[in-house]
Each structure stands twice: as C-alpha cells, then as structure tokens.
Amino acid sequence: MPSFSPHGRSKVAGCVIFLCFFLVASVAGSSGKGSQSQDDMHNIHNNRLDLREIVFIIQSQRNYFHVRQAERLRADLLKQAHSLTKNPPVVVLLHSLSDNEGDWSILPLLPYLSYSFGKNSSWIVFLEEETNVRMATLVQVLAKFAKNKEWFLGKPLHDEESTIIHHYAFAENPSVFKYPDFAAAWALSIPLVVRLANKVRDEPLKSDFTIDLKHEVALYIWDNGKGPHLTAVPELCTDPVVSPQAQRCATTLSRELQLCGEPVNREDIFVAVKTCRKFHSERVPVIKKTWEKDALYLEYYSDHADPSIPTINLGVPNTERGHCGKTFAILQRFLSSTVPNTRWLLVVDDDTLISLPRLRVLLSCYNPSEPVCLGERYGYGLSQGGYSYITGGGGMVFSREAVVQLLDSGCKCYSNDAPDDMVLGMCLNALGLPVTHSPLFHQARPEDYARDFLAHQVPISFHKHWNIDPVAVFNKWLKDDLKEKPSGGLNKSTKTEL
C-alpha cells in the first residue's frame, strides 16, 4: 500500500489482509468440508460477487476482552471464506487502524476507507463483535444489489416517539426515519463510501456530540433527503442463531449475557450514589424499593447528612449540573481506608435504575487489575481530535486500577459544577486509557430507545424518572427473576472462554 494515507494511519500493516483472488471456478469434486455446503459454494460462484470485493470491518474496542471477541469473529469469517474460496477476504479490526480516538464514530474514518478500498472493492460491511455471520448467505444477499449504485443496507429501527437521545428529530412523526441496528450488521456500497468521503473532506463534520452513533450515521447519509434512505434487508437479523426464524438469516445474534467465569462477588463492588437534599424523599426511596438490596457496599453522597437514609456530606456544595467536585471526592474516598477495599467502583445518579446481578455477570469478562472504565460511551469533538467518555446517568464502572491512575495523573475538576463524565473522559484520553462501551447501559428511559433494539438485549441500566413509574420500569426491565444457579451464575447467560 502507498505510504501516503489521508487519515495518518500507521498501524494498518499486519491488521488488514490484502489478498486478491478469484472464486474457485468449479466446485466439482469438493470434499464438502467446512461450515458451508456445496450448494452454498455453487450459489456464490454463480452470483458474480467475488468475496474479494467485500471488506469486513469489525467494530472492535481496545479492551483485552473485546479484542479477543473481535479476533474470534475474524477467525470465524476467515474459516468460512476458506471453505468457499482459495483465499480470504479483507477483515479489519477497527481498533487496530490507528490511535485516533474518533475512529469508532465511523464518519471521520470514511476518507481512509475510500482511499484504501475504493478501487478494488464493492462493499464495506460493518459488524459488531457479537454478530454471527453466515458468509454464503451474506454474499448472496449483497449480490442482489447493483454494486455500481449507492446503497445503505441494514435492519431498520425507528423511534416510537421523539427522544432526547436523537435531539427530538422528526418530532411530528418519529417513526418515519429509519436507522440501522448495528447488531445485525450494516453495509455501504463503495460508490456511497466514496461520495461520503469526499463530503467529509470538503465539509468538516459539524456535530460536537456523538450520542447514538447508528442514528447519527443514518442522518448524515440521508443528508436531509439528498442521500439514500436505509434499505431494509430481511436477511440481516438479530434473531438467536438457534431460532427457526434464523434459517433465512445472513446474520444472527446471541441474546444472552456473556459469562466469562463466575460472576464477580457482591463484596467486589462498591456503589456510590450521587444525590442531594431535595431528592432525599423523592428519588432515594425508589432505590431502596428496587436495587439497593443487591448491593453489599453502598453509600449515598449528598450536600446534607441525613442519618435516616443515611447520606454522607462530602463537603462539596450541591450544583444544578455537572457534579464534578462530588464525583472526584467519591474517587478519593474509594481509595481511602474509610470504605471497604473493593475491586470495582460503580458511580450512579439517584435516578439511575440498575441491575447489580447482571452487572456482576458482565464484570466477569473484565480484569480489575487493568484500568477498566465501562459504561455507555458518548463522544465529544471526535472529528477534531476530541475524546470519548462514559455518560454518567447510565452508571460509570471503574476498576480500582483505573481510579488509581486517574488520581495519580493529577486529573481534577476545573470547577465543582463541571460535567464530571466529560472531565473524566478528557483525563482518560490524556492518559491513553480506553473508554469501554457496553450498549447494555442506557442514559435514558426505555421509552427513548427503539423497541426492536431493546428486544435483543438483557439491559443493565436505565436513567431518569421523568413521566414514568420508575419502580414499574425496574420490575419490567431490570428485576432479576433470573434465579441464581448453585455455581453462582445466572440463567440467561452464555459462557465465553477467555
């Protein structure tokens, strides 16, 4: 590949496999081994779409667990390809492309994709780490679409009502706009990639915040009606791989919590709840009725010490927004001898609804001796060298090592009412520590997310009490009727070997 790269990517070599090849001209005499049938091979040979024309991009993350998940998916894709062809296709792990924090937001990446793949490829297919792919079916699906035209393919989602996470877009008829469920895979034809890349180069990206990437990508492509709408592809699915409906699908999805060992112990998590005097009687009782009982170590931090709850006054005045001073006081207290020495710190708002048993299952996949910062990832200024951060309302999870490195770095608030989650994001970015995203944490209410998006999740948290009955929401979405097994695991979890 030429040394010039418009995106300044120095780590591509060794991460992308560039092997030009043609499909096997005949399948006569094939042994039939591998994950694809001889009929599949015959169909692919006849549909005139060469596997070398498809670039798979796995939307991977830098955390060790997620790297391993992405590598497993890449290995499976290459194994399937070898059963169909002589050589493998191009498979890219997104986190390996460069050190540019904005890569995960896709749009700043488009000039690089156009430059690297625009001449010899027909499709860019984006996959999440958990997406299962049937290669032969996927190739047959893509072959239905004229590759010299602009296509934006996916499984469509739509909003039932206008929502804050989408800036109340299409308020008069929210369901009219469709955006892709990334878990089902989504694809762009190369002509569309090339045009979008030129647009990104010519017109700097305007949005400061990246909140719901799938919706924002779709809006950018649609371009107020000047670009293509999302085309629904029924074979891009989020059905479980074992379901009868999945037989027609090119992609499927596990709908279970991943379990990488025993769930972490209750005594390994310290829970910090941020509250203030005016919400002691309104919000704190909801926590006590719902999820407080699942916490072994929990403290409420307020601007007023109330022994009936009890709350602890950290000496930081309450602020109407930001709460940075209070959060950093919590981080310092977590490392002190005042509270139990635990491996994990969970910081939540007083209107956060969360399932601690499900969080314990999820944390089995992460190493607390590494600097882990986990939650729902947002971005700020990612196209201009900005940073990612964990949005606070859905819950911020830190390993002890992450807290140690944050405080040792001298990271601090520029004011007590600075946005705590964004200040932490800036500090993590300066330290080179990754923000790890989980879509199971939610900054908003269930009503603010597409119904089909939540249908394939086992959610861990939601946020806000506005216009809802929070206890009813907890009981519907987060209450663990999942019974503890003797081994300590939860039903509805699937074992992942590290």
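Reader: What makes helix H8 "mostly covered"?

Author: In this predicted model, ten of the eleven residues of H8 are buried, among them Cys324, Lys326, Phe328, Arg333 and Phe334. A residue is called buried when its relative accessible area is under 20%, and Phe334, to take one of them, has 1% relative accessibility, so it counts as buried.

Reader: Why is the pair of Phe270 and Phe334 called tilted?

Author: The structure holds 18 aromatic pairs, and in the one formed by Phe270 and Phe334 the ring centres are 6.4 Å apart, with 45° between the planes. Rings pair if their centres lie within 6.5 Å, and planes under 30 degrees apart would be stacked while those over 60 would be edge-to-face; because 45° falls into neither range, the pair is tilted. The two residues come from distant parts of the chain, with Phe270 in strand E13 (residues 269-274) and Phe334 in helix H8 (residues 324-334), 64 residues apart.

Reader: How do you know whether Phe270 is buried or exposed?

Author: The relative accessibility of Phe270 is 2%, and the cut-off for a buried residue is under 20%, so Phe270 counts as buried.

Reader: Why are E15 and E22 said to stand at the edges of their sheet?

Author: The sheet is open and has seven strands in the order E15-E14-E13-E16-E21-E18-E22, with mixed pairing. Strand E15 (311-313) and strand E22 (436-437) each have a single partner strand, so one side of each is left without a neighbour in the sheet.

Reader: What makes E14 and E15 a pair?

Author: Strand E14 (residues 297-302) is joined to E15 by three bridges, and the two run parallel. Pairing asks for at least two bridges, so three bridges meet that requirement. In one of the bridges, Tyr300 has Thr311 in E15 as its partner.

Reader: Why is strand E1 described as largely enclosed?

Author: Five of the five residues of E1 (residues 54-58) are buried, so the strand is largely enclosed by the rest of the structure. Its two faces are both covered, with Ile54, Phe56 and Ile58 buried on one side and Val55 and Ile57 buried on the other. E1 also pairs in the parallel sense with strand E3 (residues 123-127) over five bridges, where Val55 stands opposite Ile124. Four further bridges join E1 to strand E2 (residues 90-93), again running parallel, and there the bridge partner of Ile57 is Val92.

Reader: How do you know that the side chain of Ser388 makes polar contacts with Glu101 and Trp104?

Author: Ser388, which lies in strand E20 (residues 387-390), is joined through its side chain to that of Glu101 at 2.4 Å and to that of Trp104 at 2.8 Å. The limit for a polar contact is 3.5 Å, so the distance of 2.4 Å is within it, and so is the distance of 2.8 Å. Ser388 itself counts as buried, because its relative accessibility is 2% and the cut-off is under 20%.

Reader: What makes Lys199 a charge over the ring of Tyr220?

Author: The charged end of Lys199 is 4.1 Å from the centre of the Tyr220 ring, and the distance limit is 6 Å, so that part of the requirement is met. Lys214 likewise lies over the face of Phe453, at 4.1 Å from the ring centre.

Key: Residues numbered from 1 in each chain as written. Predicted model: local features only at pLDDT ≥ 70, side-chain atom pairs only at ≥ 80, totals over all residues. Heavy atoms only, no water. Phe/Tyr/Trp six-rings, centres within 6.5 Å; stacked < 30°, edge-to-face > 60°. Buried < 20%, exposed > 50% of the residue type's maximum accessible area, 1.4 Å probe, protein only. Lys NZ or Arg CZ within 6 Å of the ring centre and 35° of its normal. Polar contact = N/O pair within 3.5 Å; in protein donor to acceptor, adjacent residues only side chain to side chain.
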